[in-house]
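I opened this notebook to record what I looked up in the structure, going from a single side-chain contact to the fold as a whole.

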Amino acid sequence: GSRVQSSDLPARFGDNANMMPYFRAVTPEKQLSNLNVGSRPAKRNPKGGVESLRAIPWIFAWSQTRCHLPAWLGVNEGLSVSGLEPTLQDMYKNWPWFRELLELIAMILAKADPTVVENYDKQLIPVFMQQQAGKSDSEDDIIELGKQVRRELKSAGESVLRVSGQRDLNMGNEILSRELEVRTPYLDALNVVQCEVMRRLDNEEFQSEEEKDLLMDGLLVTINGIAAGMRNSG
(Lines give C-alpha, C1' and ligand atoms only; values in the text may rest on other atoms or scores of the structure.)
Protein backbone atom coordinates (compact mmCIF):
# COMPACT_ATOMS: atom_id res chain seq x y z
CA GLY A 1 0.00 0.00 0.00
CA SER A 2 1.06 3.56 -0.59
CA ARG A 3 2.48 5.54 2.31
CA VAL A 4 1.53 8.83 0.66
CA GLN A 5 -1.20 10.53 2.66
CA SER A 6 -3.93 12.54 0.95
CA SER A 7 -2.63 16.06 0.39
CA ASP A 8 -4.12 19.24 1.82
CA LEU A 9 -2.42 21.28 -0.92
CA PRO A 10 -5.57 21.57 -3.07
CA ALA A 11 -7.51 22.97 -0.12
CA ARG A 12 -4.71 25.37 0.84
CA PHE A 13 -3.86 26.57 -2.65
CA GLY A 14 -5.66 25.28 -5.75
CA ASP A 15 -9.18 25.24 -4.31
CA ASN A 16 -8.58 28.20 -2.00
CA ALA A 17 -11.08 30.93 -2.87
CA ASN A 18 -8.36 33.51 -2.17
CA MET A 19 -5.91 32.11 -4.76
CA MET A 20 -7.25 34.01 -7.77
CA PRO A 21 -7.56 37.34 -5.87
CA TYR A 22 -4.01 36.83 -4.54
CA PHE A 23 -2.66 35.95 -8.01
CA ARG A 24 -4.38 38.97 -9.59
CA ALA A 25 -3.21 41.30 -6.81
CA VAL A 26 0.50 40.47 -6.74
CA THR A 27 1.45 39.45 -10.30
CA PRO A 28 1.32 41.46 -13.55
CA GLU A 29 -1.29 39.04 -14.97
CA LYS A 30 -3.95 41.71 -15.54
CA GLN A 31 -1.45 44.06 -17.19
CA LEU A 32 -0.08 41.25 -19.40
CA SER A 33 -3.43 40.99 -21.19
CA ASN A 34 -3.36 44.77 -21.85
CA LEU A 35 0.21 44.72 -23.15
CA ASN A 36 -0.39 42.03 -25.79
CA VAL A 37 2.45 39.93 -24.37
CA GLY A 38 1.80 36.56 -25.97
CA SER A 39 -0.33 35.48 -28.88
CA ARG A 40 -3.58 34.53 -27.13
CA PRO A 41 -5.78 35.92 -24.35
CA ALA A 42 -4.42 35.20 -20.87
CA LYS A 43 -7.71 33.61 -19.80
CA ARG A 44 -10.20 31.35 -21.56
CA ASN A 45 -12.97 32.81 -19.36
CA PRO A 46 -12.29 36.34 -18.03
CA LYS A 47 -14.48 35.71 -14.96
CA GLY A 48 -13.21 32.20 -14.22
CA GLY A 49 -10.89 30.89 -11.54
CA VAL A 50 -7.46 29.25 -11.72
CA GLU A 51 -8.75 26.55 -14.08
CA SER A 52 -9.72 29.20 -16.67
CA LEU A 53 -6.17 30.52 -17.03
CA ARG A 54 -3.96 29.43 -19.89
CA ALA A 55 -0.79 27.69 -18.74
CA ILE A 56 1.72 30.14 -20.20
CA PRO A 57 0.35 33.37 -18.58
CA TRP A 58 -0.06 31.49 -15.26
CA ILE A 59 3.58 30.36 -15.25
CA PHE A 60 4.95 33.57 -16.79
CA ALA A 61 3.20 35.86 -14.28
CA TRP A 62 4.53 33.91 -11.27
CA SER A 63 8.05 33.96 -12.73
CA GLN A 64 7.91 37.77 -13.02
CA THR A 65 7.57 38.16 -9.24
CA ARG A 66 10.36 35.62 -8.55
CA CYS A 67 7.85 33.29 -6.89
CA HIS A 68 7.74 30.55 -9.58
CA LEU A 69 4.89 28.87 -7.67
CA PRO A 70 3.81 26.39 -10.42
CA ALA A 71 7.35 24.96 -10.62
CA TRP A 72 7.71 23.96 -6.96
CA LEU A 73 4.24 23.69 -5.40
CA GLY A 74 3.90 20.15 -4.05
CA VAL A 75 7.66 19.46 -4.09
CA ASN A 76 7.98 19.76 -0.30
CA GLU A 77 5.11 17.33 0.29
CA GLY A 78 6.40 14.88 -2.31
CA LEU A 79 9.90 14.83 -0.80
CA SER A 80 8.71 14.72 2.82
CA VAL A 81 6.70 11.48 2.82
CA SER A 82 7.38 9.71 6.11
CA GLY A 83 9.96 6.93 5.81
CA LEU A 84 10.85 7.58 2.16
CA GLU A 85 13.88 9.85 2.62
CA PRO A 86 16.56 7.08 2.29
CA THR A 87 14.85 5.84 -0.90
CA LEU A 88 14.67 9.36 -2.34
CA GLN A 89 18.34 9.98 -1.49
CA ASP A 90 19.26 6.70 -3.23
CA MET A 91 17.16 7.71 -6.25
CA TYR A 92 19.00 11.04 -6.43
CA LYS A 93 22.39 9.30 -6.37
CA ASN A 94 21.60 6.43 -8.74
CA TRP A 95 18.72 7.36 -11.05
CA PRO A 96 19.77 10.03 -13.60
CA TRP A 97 16.16 10.95 -14.49
CA PHE A 98 15.26 11.75 -10.87
CA ARG A 99 18.54 13.57 -10.32
CA GLU A 100 17.92 15.73 -13.40
CA LEU A 101 14.35 16.47 -12.28
CA LEU A 102 15.47 17.53 -8.81
CA GLU A 103 18.26 19.70 -10.21
CA LEU A 104 15.83 21.45 -12.58
CA ILE A 105 13.52 22.20 -9.62
CA ALA A 106 16.54 23.41 -7.62
CA MET A 107 17.53 25.76 -10.45
CA ILE A 108 14.08 27.39 -10.33
CA LEU A 109 14.17 27.57 -6.53
CA ALA A 110 17.62 29.21 -6.70
CA LYS A 111 16.11 31.95 -8.86
CA ALA A 112 13.10 32.44 -6.56
CA ASP A 113 13.32 35.01 -3.77
CA PRO A 114 10.82 35.17 -0.87
CA THR A 115 11.96 38.70 0.01
CA VAL A 116 11.07 39.97 -3.47
CA VAL A 117 7.74 38.09 -3.30
CA GLU A 118 7.01 39.71 0.06
CA ASN A 119 7.56 43.19 -1.38
CA TYR A 120 4.91 42.56 -4.06
CA ASP A 121 2.52 41.33 -1.35
CA LYS A 122 3.06 44.34 0.92
CA GLN A 123 2.83 46.93 -1.85
CA LEU A 124 0.02 45.49 -3.95
CA ILE A 125 -2.46 43.60 -1.75
CA PRO A 126 -3.72 46.77 0.06
CA VAL A 127 -4.25 48.58 -3.26
CA PHE A 128 -6.06 45.58 -4.73
CA MET A 129 -8.32 45.32 -1.69
CA GLN A 130 -9.27 49.01 -1.93
CA GLN A 131 -10.51 48.30 -5.46
CA GLN A 132 -12.50 45.30 -4.18
CA ALA A 133 -14.48 47.33 -1.64
CA GLY A 134 -17.77 45.65 -0.91
CA LYS A 135 -16.59 42.24 -2.14
CA SER A 136 -16.24 39.25 0.17
CA ASP A 137 -12.47 38.81 -0.16
CA SER A 138 -10.72 39.36 3.17
CA GLU A 139 -7.43 41.26 3.08
CA ASP A 140 -6.18 39.31 6.11
CA ASP A 141 -6.94 35.99 4.37
CA ILE A 142 -5.10 37.04 1.21
CA ILE A 143 -2.11 38.29 3.23
CA GLU A 144 -2.07 34.97 5.10
CA LEU A 145 -2.14 33.05 1.81
CA GLY A 146 0.91 35.04 0.70
CA LYS A 147 2.71 34.04 3.90
CA GLN A 148 1.79 30.40 3.29
CA VAL A 149 3.19 30.62 -0.26
CA ARG A 150 6.49 32.02 1.04
CA ARG A 151 6.71 29.36 3.77
CA GLU A 152 6.03 26.61 1.23
CA LEU A 153 8.69 28.08 -1.09
CA LYS A 154 11.27 27.96 1.73
CA SER A 155 10.24 24.41 2.67
CA ALA A 156 10.55 23.22 -0.94
CA GLY A 157 14.17 24.41 -1.04
CA GLU A 158 14.95 22.74 2.29
CA SER A 159 13.44 19.45 1.09
CA VAL A 160 15.48 19.48 -2.14
CA LEU A 161 18.69 20.05 -0.15
CA ARG A 162 17.80 17.34 2.37
CA VAL A 163 17.22 14.72 -0.35
CA SER A 164 20.16 15.74 -2.56
CA GLY A 165 22.65 16.30 0.24
CA GLN A 166 23.83 19.46 -1.55
CA ARG A 167 24.87 22.58 0.40
CA ASP A 168 22.88 25.07 -1.66
CA LEU A 169 20.34 25.19 -4.48
CA ASN A 170 23.02 25.74 -7.13
CA MET A 171 23.62 22.00 -6.64
CA GLY A 172 27.34 22.33 -7.30
CA ASN A 173 26.74 24.10 -10.63
CA GLU A 174 29.41 26.80 -10.56
CA ILE A 175 28.23 28.34 -13.85
CA LEU A 176 24.70 28.81 -12.52
CA SER A 177 26.10 30.16 -9.25
CA ARG A 178 28.18 32.76 -11.07
CA GLU A 179 25.33 33.71 -13.42
CA LEU A 180 22.97 34.32 -10.50
CA GLU A 181 25.63 36.31 -8.66
CA VAL A 182 25.97 38.62 -11.66
CA ARG A 183 22.29 38.88 -12.65
CA THR A 184 20.51 39.01 -9.29
CA PRO A 185 21.32 42.67 -8.39
CA TYR A 186 19.88 43.80 -11.75
CA LEU A 187 16.82 41.58 -11.31
CA ASP A 188 16.26 42.91 -7.78
CA ALA A 189 16.20 46.48 -9.12
CA LEU A 190 13.83 45.55 -11.96
CA ASN A 191 11.48 43.82 -9.51
CA VAL A 192 11.36 46.88 -7.24
CA VAL A 193 10.62 49.14 -10.23
CA GLN A 194 8.01 46.74 -11.61
CA CYS A 195 6.22 46.51 -8.27
CA GLU A 196 6.13 50.31 -7.94
CA VAL A 197 4.83 50.77 -11.51
CA MET A 198 2.12 48.15 -10.90
CA ARG A 199 1.15 49.93 -7.66
CA ARG A 200 0.82 53.27 -9.45
CA LEU A 201 -1.22 51.75 -12.26
CA ASP A 202 -3.48 49.87 -9.84
CA ASN A 203 -3.92 53.00 -7.73
CA GLU A 204 -4.40 55.16 -10.84
CA GLU A 205 -1.59 57.47 -9.77
CA PHE A 206 -1.25 59.25 -13.10
CA GLN A 207 -2.45 62.65 -14.23
CA SER A 208 -3.15 61.89 -17.88
CA GLU A 209 -3.47 59.09 -20.43
CA GLU A 210 -0.01 60.02 -21.66
CA GLU A 211 1.44 59.44 -18.20
CA LYS A 212 -0.45 56.14 -17.97
CA ASP A 213 1.03 55.08 -21.33
CA LEU A 214 4.51 55.90 -20.01
CA LEU A 215 3.88 53.70 -16.97
CA MET A 216 2.68 50.87 -19.22
CA ASP A 217 5.81 51.27 -21.37
CA GLY A 218 7.94 51.12 -18.22
CA LEU A 219 6.11 48.00 -17.09
CA LEU A 220 6.79 46.31 -20.43
CA VAL A 221 10.50 47.12 -20.10
CA THR A 222 10.57 45.46 -16.65
CA ILE A 223 8.63 42.42 -17.92
CA ASN A 224 11.09 41.91 -20.78
CA GLY A 225 14.09 42.54 -18.51
CA ILE A 226 12.97 40.09 -15.83
CA ALA A 227 12.09 37.43 -18.43
CA ALA A 228 15.55 37.80 -19.97
CA GLY A 229 17.20 37.64 -16.54
CA MET A 230 15.27 34.55 -15.47
CA ARG A 231 16.47 32.64 -18.54
CA ASN A 232 13.62 30.14 -18.26
CA SER A 233 10.68 32.20 -19.50
CA GLY A 234 10.02 34.54 -22.36
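Before the first lookup I fix a term: a polar contact is a pair of N or O atoms within 3.5 Å, where, within protein, one atom must be able to donate a hydrogen and the other to accept it. I also note at the outset that this is a predicted model.

Entry 1, a loop residue. I looked up N16 and found it in the loop between helix 1 (9–14) and helix 2 (19–26). Its side chain reaches the backbone nitrogen of N18 at 2.8 Å. Is N16 buried or exposed? I enter N16 as buried because its relative accessibility is 18%, and the cut-off for that class is under 20%.

Entry 2, helix 4. I then turned to helix 4, which spans residues 55–64 and is mostly covered, with seven of its ten residues buried. I list the buried ones as P57, W58, F60, A61, W62, S63 and Q64. What covers these residues? I find that the cover includes helix 2, helix 3 (29–35), helix 5, helix 9 (114–131), helix 11 and helix 12. After helix 4 comes R66, for which I note a positive phi, near 65°.

Entry 3, helix 8. I checked the length of helix 8 and found that its 16 residues reach 23 Å from the first C-alpha to the last, close to the 22 Å expected at 1.5 Å a residue. Buried in helix 8 are F98, L102, I105, A106, I108, L109 and K111. I traced the packing of these buried residues to helix 5 (69–72), helix 6 (75–79), helix 7 (85–94), helix 10, helix 11 (174–202) and helix 12 (209–230).

Entry 4, the packing of helix 8 on helix 10. For helix 8 (residues 96–111) and helix 10 (residues 139–164), I note an angle of about 145° and axes 10 Å apart, and I record their crossing as left-handed. Helix 8 contributes F98, L102, I105, A106 and L109 to the contact, while helix 10 contributes L153, A156, G157, V160, V163 and S164. Sorting the residues of this contact by type, I get nine nonpolar, two polar and no charged.

Entry 5, the whole protein. I finished with the overall view, in which the protein has twelve helices and zero strands. Of its 234 residues, 44% count as buried. Among contacts with a separation of 6 or more, I note that 75% are accounted for by residues 24 or more positions apart.

Key:
Residues numbered from 1 in each chain as written. Predicted model: local features only at pLDDT ≥ 70, side-chain atom pairs only at ≥ 80, totals over all residues. Heavy atoms only, no water. Axes fitted to C-alpha atoms, helices over the stretch in contact; angles between N-to-C directions. Left-handed = near helix turned anticlockwise from the far one by under 90°. Contact = heavy atoms within 4.5 Å. Nonpolar A, V, L, I, M, F, W, Y, C, P; charged D, E, K, R; others polar. Expected span 1.5 Å × (residues − 1). Buried < 20%, exposed > 50% of the residue type's maximum accessible area, 1.4 Å probe, protein only.
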